[in-house]
Amino acid sequence: MTSGRDRTANRARNRAAVPPPGYGTPARGAPRFPDGTPAHGFPRLADGTTAPGVPQVRGGHPEQRETGGGRGGSNGRAGTGQGGPGPVVPRQRPAPRQGPGPRQDYLDAFEAGDDVFAPRSGASGTPVAPAPGDRIAVHASDPYGSVTAWPKDAGVDAGEDDDAPPTGEPTQVKGTKGRTFTGIAAAAVTTVLAIIVAGQVADGRDHSDQGNQTATDQARDARDSASRLDGRPSAEAAPLTYEQKMGRTYPLGATLKASGRFDTIPGVDKAPGKGQKLTYRVDVEQGLGLDGELFAEAVQKTLNDNRSWAHDGARTFERVDSGKPDFVITLASPGTTAEWCAKSNLDTTVDNVSCDSASTERVMINAYRWAQGSTTYGDRIYAYRQMLINHEVGHRLGNGHVSCDKDGELAPVMQQQTKFLDHDGIHCKANPWPFPGN
């Protein structure tokens with residue numbers, strides 16, 4: 001065990017020991033002697049050695065060395081062990097960090113020449129401590145500084161209360177001094193964006209039908225909507241042509257009995273030819289749900305076709321909506337057609353056909369046949385409607401029923417083609433025209 005006398009001797013030797021050059025590097029800006037050692041504020045002789053009687057220091061603080069108690073000096077520690085005092089060797093401790101701020105490896109991350117951790121100095125150039133209650137002016141690049149300790153030149157207007165919390169985003173300073181604040185702002189923006197994206201993903205789960213819609217479908221919907229707003233019909237809403245309407249069938253019951261009242265289709269279609277002019281009016285029974293304008297157009301175009309009764313200029317037909325016409329072509333339900341045909345002793349209930357009610361002004365066209373056609377024509381509904389008009393007007397012009405007499409020939413338009421095409425072993429072909437060769 002070391003005696004009190006030995007401990008006293010050890011203290012004396014420790015005080016006489018001089019630390020190696022550079023031991024305890026001072027903060028940047030601290031004065032140094034010509035040999036590079038820190039001044040520490042104590043006098044030196046001309047050769048740079050410490051004056052006698054001056055206590056040895058490390059980092060600006062007196063060196064406090066411990067007395068013996070070591071297990072020997074072989075590991076470089078100061079101490080005597082059991083064998084008595086050995087050579088005095090300075091204790092090898094890590095160099096303490098001098099001054100405020102991080103270690104040198106943090107300082108190296110900043111640009112050269114940017115003294116970001118220089119302490120405040122008084123009038124004499126020596127470091128001074130902040131007064132009580134004084135707000136520390138933290139450098140913008142100090143990662144250890146408080147983000148709420150704002151420098152007075154960082155966007156604070158004259159006359160503002162220095163103790164008031166800052167409002168808005170801090171003013172960016174030149175160079176690297178705004179990096180810390182920029183990083184904080186960037187982190188905040190990133191967090192907000194992450195929240196927004198998460199909300200959109202969650203909303204997409206609630207509206208999966210909209211999310212599954214492709215970019216092309218969305219663009220097409222927008223284009224169609226714009227077309228409708230402009231008043232231009234889209235491709236799906238384009239009106240059907242006359243040929244398309246005449247090629248379609250329409251729903252209507254075979255036993256329908258409508259109101260029995262008629263509406264005249266307004267308008268006049270002038271006779272296009274120079275032959276014998278015959279005038280007619282078009283009436284449509286109320287409650288059929290059929291296109292009366294289409295029916296009137298079909299009558300005018302069919303009768304004035306050169307394959308029809310206007311062949312070679314023999315006749316021309318003109319549609320009127322007033323006065324006393326030569327006849328009235330009437331589109332009526334099966335029940336109403338039967339009533340008007342019965343006035344001329346004609347029974348249309350068998351096979352549900354049409355007639356020319358010669359004792360009246362009306363040529364009756366059965367609306368069921370007009371809408372649905374017949375098995376003899378199949379899906380050739382356009383041609384069947386032409387045959388209906390030509391056949392019944394042919395009766396009004398004085399023509400009776402006839403049939404084809406050779407196998408494979410076209411059936412005459414005055415043959416009852418709604419009922420049959422074949423008779424007595426002869427097959428006839430469907431034909432809607434009085435003069436089909438033209």
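In which sense do β4 and strand β5 (residues 315-319) pair, and over how many bridges? They pair in the parallel sense, over five bridges, where strands are DSSP runs (E, at least two residues) numbered from the N terminus and two strands pair if DSSP finds at least two bridges between them. This is a predicted model, in which local features need pLDDT of at least 70 and side-chain atom pairs count only at pLDDT 80 or more, while totals for chains, interfaces and linings use all residues. Residues are numbered from 1 along each chain as its sequence is written, and side-chain values use heavy atoms, with hydrogens and water left out.

Select β4 (residues 276-285) to begin: eight of its ten residues are buried (under 20% relative accessible area, 1.4 Å probe, protein chains only; exposed is over 50%, partly exposed in between), so the strand is largely enclosed by the rest of the structure. Within β4, Leu278 stands opposite Phe317 in β5, and Val282 has Ile329 in β6 as its bridge partner. Add β3 (residues 262-264), which runs antiparallel to β4 and is joined to it by three bridges, with Thr264 partnered by Asp283.

Next, select Tyr242 and Tyr382, whose ring centres are 6.1 Å apart with planes at 90°, so the pair is edge-to-face (centres within 6.5 Å; planes under 30 degrees apart count as stacked, over 60 as edge-to-face, the rest as tilted). Tyr242 is buried at 11% relative accessible area, whereas Tyr382 is partly exposed at 26%. Finally, add Lys301, which lies over the face of Tyr242 at 4.0 Å from the ring centre (NZ of Lys or CZ of Arg within 6 Å of the centre and within 35 degrees of the ring normal).

How values were computed: Helix = DSSP H or I, 4+ residues; strand = E, 2+ residues; numbered from the N terminus. Phe/Tyr/Trp six-rings, centres within 6.5 Å; stacked < 30°, edge-to-face > 60°.
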